[in-house]
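Student: I'm new to this one and could use a guided tour. Could you show it to me and take the features one at a time?

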Number of protein chains: 2
Amino acid sequence: MRDAYHDELDAITDALVELSSLVSSAMGRATAAVLDADLQLAESVIAGDAVIDDRYHEIEERAFELLARQQPVATDLRILVTSLRMVADIERAGDLALHVAKVARRRYPLSAIPAELRSTILEMGQIAERIMVKAGQVVARRDVALAAELETDDDRMDDLHRQLFTTILGDGWRGGVEAAIDITLVGRYYERFADHAVSVARRVVYLVTGERVVAG
Amino acid sequence: MRDAYHDELDAITDALVELSSLVSSAMGRATAAVLDADLQLAESVIAGDAVIDDRYHEIEERAFELLARQQPVATDLRILVTSLRMVADIERAGDLALHVAKVARRRYPLSAIPAELRSTILEMGQIAERIMVKAGQVVARRDVALAAELETDDDRMDDLHRQLFTTILGDGWRGGVEAAIDITLVGRYYERFADHAVSVARRVVYLVTGERVVAG
């Protein structure tokens, strides 16, 4: 029975990793959609969110069933409950990719991102894509060293987020209020997306080391 | 043993309800701080977030301990795991009150809210305060009828959130980019705050009826 249990636990972990990869890809496509005013791409991210939600509910149900059926204790219990929380973080990050795609759709055929901020948003999008893939790897391999890397990526994301405000609040800003609002929202979506990835990684660290990573 | 178990489960529920009341009060004070440029009030909300976080971790630990020690099944298990998720929603709502207070502090001695939007933000703040209190009552009494009320409150919050954008994007807007950014962020904090309260209520509904409330 214990082996069947661990097989199922591994399957849940695999599903989590797969979900993080779906969400990473959604944010990558949302970034391209918002930068290039690509409506089709935006629509694909928006439609794809239902798939992410379905996977999320599936993983939840499997974890609940396993909890109820096998009554795990100690470490196994913590792993399973932690999985339930990580899947919620990852699903929520998926919502943020959806929000970025919706901004792209709302502004179409214009781009929501003015030329002077393209490189900043591009980098934020790349960090987002990468940090969620890394979160998946941290989960898959219980890789505490890699978890530390996510903190660095997140610091960079925060720097870029601050740069957005410096630009839209600067004297040189000619984009007007509407574009400033889009940038404010989109910036917040990326920043929160990275936070969720970091949260996943921290949960793994806590599981492995018993130590809580204090927000930096 | 089962009775000691249910006593402890009730104590966790009580702690959850108390936390929701702390968070509701934090948002009420944050609203006053941001409307009246009240620095002292803003600082009290900012300092109080540590208390909210401590309570959150305490509730988590108690739930984990109970899970591990008592190995609940079926409904009891679902209640406990659901509590773990509700406490995360409530703590996150507390962070959003903190964010509103930080906007107030950043703009001090000015108010971040221009005169024309005071009544809108005031109402958003009142809904936020109320909806979190109701979420606590839904948890305390497993009150599915009251849970439906939160959906209505949340719809009103969404309307007000849209009104903010109509104002700052309108021809009459003279507040400039900086104020528009503050309004965008603050608006988003209130809207998300209400979402977390609704999420708490929906989890209770799912627990009681087995039916998921589909986002409206």
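Tutor: Let's start at the symmetry axis: of the residues of chain B, Val177(B) comes closest to the rotation axis, with its C-alpha at 2.6 Å. A word on the ground rules: this is a predicted model, where local features need pLDDT of at least 70, side-chain atom pairs count only at pLDDT 80 or more, and totals for chains, interfaces and linings use all residues. Residues are numbered from 1 along each chain as its sequence is written, and chains are lettered from A and ligands numbered from 1 in the order in which they are written.

Student: What rotation and shift superpose chain B on chain A?

Tutor: The general idea is that two copies of a chain are related by a rotation about an axis and a shift along it. Here, chain B lands on chain A after a rotation of 180° with 0.0 Å of shift along the axis, at an RMSD of 0.0 Å. The two copies are thus related as by a two-fold rotation axis. The superposition is by least squares on the C-alpha atoms of residues with pLDDT of at least 70 in both copies.

Student: And how many residues of the two chains are in contact?

Tutor: Contact is a distance rule: two residues qualify if their C-beta atoms, placed from the backbone, lie within 7 Å. By that rule, 20 residues of chain B touch 21 residues of chain A. On chain B's side, helix 2 (39-70), helix 3 (74-107), helix 5 (144-169) and helix 6 (176-209) each supply at least two residues. Helix 6 of chain B gives the largest share, 7 residues. That side of chain B divides into 15 nonpolar, 2 polar and 3 charged residues. For those classes, Ala, Val, Leu, Ile, Met, Phe, Trp, Tyr, Cys and Pro count as nonpolar, Asp, Glu, Lys and Arg as charged, and the others, Gly among them, as polar. The copies meet through the same surface, because 100% of the interface residues of chain B are also interface residues in chain A.

Student: What counts as a helix, and how do the two copies of helix 6 pack?

Tutor: Helices (H or I, at least four residues) and strands (E, at least two) are DSSP runs, numbered from the N terminus. Two packed helices are described by the angle between their axes and the distance between the axes. Axes are lines fitted to C-alpha atoms, for helices over the stretch in contact, and angles run from 0 to 180 degrees between N-to-C directions. Helix 6 of chain A and helix 6 of chain B pack at about 40°, with their axes 9 Å apart. That makes the pair oblique; under 35 degrees counts as roughly parallel, over 145 as roughly antiparallel, 65 to 115 as roughly perpendicular, and the rest as oblique. Residues making this contact include Val177(A), Ile181(A) and Thr184(A) from chain A, and Val177(B), Ile181(B) and Thr184(B) from chain B. By class, the contact has 8 nonpolar, 2 polar and 2 charged residues.

Student: Which residues meet where helix 3 of chain A touches helix 3 of chain B?

Tutor: Here is a handy rule: an α-helix has 3.6 residues a turn, so residues three or four places apart point the same way. In this contact, Val81(A), Leu84(A), Arg85(A) and Ala88(A) meet Val81(B), Leu84(B), Arg85(B) and Ala88(B). These residues divide into 6 nonpolar, no polar and 2 charged. The two helices pack at about 40°, with axes 11 Å apart.

Student: Inside chain B, what is the angle between helix 2 and helix 3?

Tutor: About 170°, with the axes 9 Å apart. Helix 2 and helix 3 of chain B are therefore roughly antiparallel. Their contact has 17 nonpolar, 2 polar and 7 charged residues.

Student: Where should I look for unusual backbone geometry?

Tutor: Most residues other than glycine have a negative phi, and most peptide bonds are trans. A cis peptide bond joins Tyr108(A) and Pro109(A), with omega about 10°, and Pro109(A) sits in the loop between helix 3 and helix 4 of chain A. In chain B, the bond from Tyr108(B) to Pro109(B) is cis too, with omega near 5°. As for phi, Ala37(B) has a positive value of about 50° although it is not a glycine; its place is the loop between helix 1 (2-36) and helix 2 of chain B. Arg142(A), which follows helix 4 of chain A, has a positive phi near 50°.
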